[in-house]
Amino acid sequence: MPTTPTPSPDLSTAPLPRAWEHVLSSVEEMMVAGNLLPGQRLPGERTLAADLGVGRSSVREALRVMEALGLLKTQTGSGPTAGAMIVSRPTGGMTMLMRMQVAAQGFPVTDVVQTRLVLETEVMRTLAALPAPDLAAAVELLDSMDEPTLTADEFLVLDAQFHVAMADAAGNQVIAAMMAGLRASIESYVIDGVDAVAWPHTCTRLRHEHRGLVDAVTHHDTGLARQRIVDHIRGYYEGVRGN
């Protein structure tokens with residue numbers, strides 16, 4: 001008995017990309033091909049619209065999206081400084097996207113903790129291997145956390161900022177942006193896990209552990225730095241789960 005051939009999908013019914021998405025894709029292709037480099041300016045709206053066969057409103061919409069993502073910096077007016085320029089360090093856009101994902105999805109705490117372990121062990125390894133890591137911002141936050149009148153919430157907000165500052169000091173822009181994007185999620189689970197009765201002891205322990213992280217880095221002990229950050233992150237998380 002002959003089999004009935006499977007009909008081919010009707011590609012004509014597939015949704016077409018919106019005009020501004022076509023502009024985004026085209027700009028992406030130009031960047032990948034090396035025709036647009038960081039620091040260079042995009043062609044004007046009129047030129048892009050004509051080259052891509054779209055309206056100027058679609059070009060403007062695409063440029064607004066790219067600016068919101070931190071990929072473009074626009075300058076109004078006329079002259080050589082006017083127009084849209086590709087940003088060389090678009091970390092702000094990645095941070096914003098991760099913050100929005102955190103807000104919309106509510107990442108599981110276990111996933112956040114596992115991600116922190118992956119990112120922050122690399123941060124500590126990098127910092128300990130640097131000949132002279134700049135930890136001034138991180139140490140300043142630790143000094144602020146020594147203030148005895150801080151509430152638990154205030155302390156733990158500074159705690160999250162400390163971890164982001166360490167990532168910044170390590171110099172990997174992608175990791176730093178991811179840590180900054182996760183900061184709200186980190187603050188959420190560490191604050192939710194506070195045990196008011198045990199807080200004075202927990203606070204003292206966290207201060208000691210933070211100083212220990214800085215100490216391992218300044219002594220360039222990569223193995224100890226990695227182990228201490230693992231113990232620090234897992235220790236708090238296990239305490240949260242036990243509450």
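In this predicted model, His 232 counts as buried, at 3% relative accessibility. The residue lies in helix α10. The His 232 side chain makes a polar contact with the side chain of His 210, at 3.3 Å. Beyond the neighbours within four places in sequence, His 232 is in contact with His 163, Leu 206, Glu 209, His 210 and Leu 213.

His 232 also belongs to the lining of the largest cavity. A search of the whole structure finds 3 cavities of 30 Å³ or more. The largest has a volume of about 100 Å³. Among its other lining residues are Arg 116, Leu 156, Asp 159, Ala 160 and His 163. Ile 186, Tyr 189, Val 190 and Leu 206 line the cavity too, as do Ile 233 and Tyr 236. Two or more lining residues come from each of α7, α8 and α10. Helix α7 gives the most, with 4 residues. By character, the lining divides into 8 nonpolar, 2 polar and 2 charged residues.

Two of these lining residues, His 163 and Ile 186, are in contact with Met 179. Met 179 is found in helix α8. Its relative accessible area is 0%; the cut-off for a buried residue is under 20%, so Met 179 is buried. Leaving aside neighbours within four places in sequence, Met 179 is also in contact with Leu 119, Glu 120, Val 164 and Ala 167. Thr 115 is 64 residues from Met 179 in sequence, yet the two C-alpha atoms are 9.3 Å apart in space.

The largest nonpolar core has 44 residues. Phe 162 and Met 166 have the most contacts inside this core. Two or more core residues come from each of α5 (109-129), α6 (136-145), α7 (152-170), α8 (173-192), α9 (199-218) and α10 (222-242). The largest share, 11 residues, comes from α7. Helix α7 thus appears twice: it gives the largest share of this core and the most residues to the lining of the largest cavity.

Met 166 has contacts at several places along the chain. Outside the neighbours within four places in sequence, these are Val 123, Met 124, Leu 127, Leu 135, Ala 138 and Val 217. A second core, of 16 residues, is separate. This second core includes Trp 20, Leu 36, Leu 52 and Ile 86.

Conventions:
Residues numbered from 1 in each chain as written. Predicted model: local features only at pLDDT ≥ 70, side-chain atom pairs only at ≥ 80, totals over all residues. Heavy atoms only, no water. Core = buried A, V, L, I, M, F, W, Y, C linked by side-chain atoms within 4.5 Å. Buried < 20%, exposed > 50% of the residue type's maximum accessible area, 1.4 Å probe, protein only. Contact = heavy atoms within 4.5 Å. 1 Å grid on protein atoms, 1.4 Å probe; cavity = no way out; pocket = protein on both sides within 12 Å on 5 of 7 lines; lining within 4 Å. Points joined across faces, edges and corners; volume = space filled by probe spheres on them. Nonpolar A, V, L, I, M, F, W, Y, C, P; charged D, E, K, R; others polar. Polar contact = N/O pair within 3.5 Å; in protein donor to acceptor, adjacent residues only side chain to side chain.
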